[in-house]
Amino acid sequence: MSKKITSIRGMNDILPEQTGLWQWLEAKVGAVLASYGYQEIRMPIVEQTDLFKRSIGEVTDIVEKEMYTFDDRNGDSLTLRPEGTASCVRACEQHGLLYNQTQRLWYTGPMFRHERPQAGRYRQFHQIGVETFGMSGPDIDAEVILLTARLWKALGLADKVTLELNSLGDSADRARYRDALVDYLKIHVDALDGDSQKRLERSPLRVLDSKDPGTREVLKDAPQLADYLNDEAVAHFEGLKALLDASGIAYKVNPYLVRGLDYYGKTVFEWVTDALGAQGTVCAGGRYDGLVEQLGGKPTPAVGFAMGVERLILLIEQEKPELSAPVDVYVMAMGDVLASTMALSEQLRDALPGRAIQLHCGGGSFKSQMKKADRSGAAVALIIGEDELASNSVMVKPLRGQAEQQQVSRDQVASELVALLADN
Ligand code: ATP
Ligand code: MG
């Protein structure tokens with residue numbers, strides 16, 4: 001026997017027993033996004049490598065070591081998207097969606113990063129992202145945060161996540177702060193962990209992100225980015241906090257919050273949980289006013305976020321939500337009744353839109369069909385044998401609850417089912 005081919009490490013199949021939960025989540029998120037007037041955009045999964053290098057930044061973990069980059073048959077360097085923002089900006093710019101107008105957009109789909117796979121961290125993972133363009137004030141920052149807060153309510157996660165905020169100022173603020181931070185960290189370099197020592201040279205702000213206890217101790221007395229912000233950035237941040245206060249959204253200002261992507265400035269935020277171990281960030285975003293111009297467009301203010309769907313699913317699974325069964329009615333065919341049973345199933349699909357009618361295929365004994373009916377999760381089985389066919393009737397057998405089975409004439413079946421399924 002030849003060796004079986006398996007999936008690629010860190011790239012997961014999402015099996016039928018899980019897709020119900022994914023669809024439930026996607027429907028909830030879609031409804032919340034629609035309630036704020038956001039529109040969906042769909043971008044390709046593969047882009048030119050330069051798009052990500054120029055946006056995410058050459059000296060970032062993603063670009064330096066996580067991208068799936070390859071030459072296609074023409075020798076062009078292509079990359080499986082590691083995130084959606086860059087593609088979204090590219091698409092909007094390419095199709096003139098940013099000219100003299102505002103946009104509120106969302107997307108969903110797989111992203112690819114060559115990381116070390118573990119719970120909550122995969123090589124193919126899924127994000128739902130939101131990007132807004134053309135609005136520079138703190139009002140839109142507050143709106144996207146309110147939208148996420150509403151999402152957690154819709155998903156039953158409001159008690160599990162908390163909001164952290166910071167302001168990164170503009171690039172001049174960050175440059176001045178970077179110098180001060182580097183000067184300070186150099187004095188304490190021996191107390192830093194190895195990763196942070198490397199980051200000190202190449203992207204010192206990422207040291208703020210370190211989880212290492214020694215490094216965190218050093219950071220306690222480090223210069224604070226908040227003291228380096230320009231007046232406008234400070235006013236923007238105060239404006240955002242005032243709007244969140246007025247909306248009753250709790251948050252914590254985390255002066256160490258920086259993002260692993262270069263394009264962020266001013267507002268950054270994360271929704272974090274302590275229920276997922278080290279992979280605690282379920283949603284992350286912020287303002288990126290410089291990115292559109294950096295990719296060749298006119299200066300355009302922008303703010304957005306992305307959430308990790310797998311991490312949300314892990315959180316929701318902890319709550320053990322009740323999902324509706326994939327099948328409502330299981331139709332059993334005993335004996336030479338196939339054409340008639342198939343016709344009845346089609347009629348019921350017309351009569352009961354939104355209900356799942358599964359027809360037993362492949363014959364078999366009453367016992368084995370009954371077993372399958374039970375296993376399907378259906379609330380009702382319909383049994384049609386040759387006697388029922390002759391008397392133009394159907395045996396209706398409730399599979400859950402107390403109701404008795406009863407013989408119903410064929411033209412009454414649909415209304416009988418409506419009554420039986422009423423509280424499913
Ligand atoms: P982390 O610090 O966990 O590596 P990140 O800063 O790299 O996250 P972003 O690029 O901001 O993450 O992506 C937004 C969200 O996408 C994250 O908050 C997380 O929920 C999810 N995410 C990122 N990378 C992965 C991954 N490899 N596997 C699963 N989810 C991920
Ligand atoms: Mg990462």
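The dialogue below reads several features of a predicted model, one at a time.

Biologist: Let me begin with the cysteines: how many disulfides does the structure hold?

Modeller: A disulfide is a covalent bond between the sulfur atoms of two cysteines. In this predicted model the structure holds 0 disulfides.

Biologist: Why is Cys88 too far from the closest cysteine sulfur for a bond?

Modeller: A pair of cysteine sulfur atoms has to lie within 2.5 Å to count as a disulfide. The cysteine sulfur closest to that of Cys88 belongs to Cys92, and because the separation is 4.3 Å, it is too far for a bond. As for its surroundings, Cys88 has a relative accessible area of 0% and is buried.

Biologist: Which cysteine sulfur is closest to that of Cys283, and is Cys283 buried or exposed?

Modeller: For Cys283 the closest cysteine sulfur is that of Cys88, but it lies 15 Å away, which is too far for a bond. Cys283 counts as buried, with a relative accessibility of 1%.

Biologist: Turning to the ligand, which residues come nearest to ligand 1?

Modeller: It helps to start from the list of surrounding residues and then to look at individual atom pairs. There are 16 residues around ligand 1, and the nearest are Arg113, Glu115, Arg121, Arg259 and Thr281. Among the atom pairs, the side chain of Arg259 has an N or O atom 2.5 Å from an oxygen atom of ligand 1, while for the side chain of Arg113 the corresponding distance to a ligand oxygen is 2.7 Å. The side chain of Arg311 also takes part, with an N or O atom 3.1 Å from an oxygen of ligand 1.

Biologist: How should I read the open spaces, and what lines the second largest pocket?

Modeller: A pocket can be described by its volume, by its lining, and by the elements that supply that lining. The second largest pocket holds about 370 Å³ of space, and 14 residues line it, with Pro16, Thr19, Gly20, Leu21 and Leu323 lying nearest its centre. Two or more lining residues come from each of helix H1, residues 16-35, and helix H11, residues 309-318. The largest share belongs to H1, which gives 8 residues. By class, the lining of this second largest pocket comprises 7 nonpolar, 5 polar and 2 charged residues.

Biologist: And the enclosed spaces: how many cavities of 30 Å³ or more does the structure hold?

Modeller: The structure holds 1 cavity of 30 Å³ or more, and the space in the largest cavity is about 30 Å³. Its lining is made up of Tyr177, Leu208, Leu219, Ala222, Pro223, Gln224, Leu225, Pro255 and Tyr256. Of the residues in that lining, 8 are nonpolar and 1 is polar, with no charged residues.

Biologist: Finally, how do I place a single residue, and where does Ser167 lie?

Modeller: One can take the element, then the accessibility, then the contacts. Ser167 lies in strand E7, which covers residues 162-167, and with a relative accessibility of 2% it counts as buried. The Ser167 side chain reaches the backbone nitrogen of Gly169 at a distance of 3.4 Å.

Biologist: Could you take Arg174 in the same way: in which helix is it found, and is it buried or exposed?

Modeller: Arg174 is found in helix H6, residues 171-187, and because its relative accessibility is 12%, under the 20% limit, Arg174 counts as buried. Along the chain, Arg174 and Tyr107 are 67 residues apart, and their C-alpha atoms are separated by 30 Å.

Note on methods
Residues numbered from 1 in each chain as written. Chains lettered and ligands numbered in written order. Predicted model: local features only at pLDDT ≥ 70, side-chain atom pairs only at ≥ 80, totals over all residues. Heavy atoms only, no water. 1 Å grid on protein atoms, 1.4 Å probe; cavity = no way out; pocket = protein on both sides within 12 Å on 5 of 7 lines; lining within 4 Å. Points joined across faces, edges and corners; volume = space filled by probe spheres on them. Helix = DSSP H or I, 4+ residues; strand = E, 2+ residues; numbered from the N terminus. Nonpolar A, V, L, I, M, F, W, Y, C, P; charged D, E, K, R; others polar. Buried < 20%, exposed > 50% of the residue type's maximum accessible area, 1.4 Å probe, protein only. Near = heavy atom within 4 Å. Polar contact = N/O pair within 3.5 Å; in protein donor to acceptor, adjacent residues only side chain to side chain.
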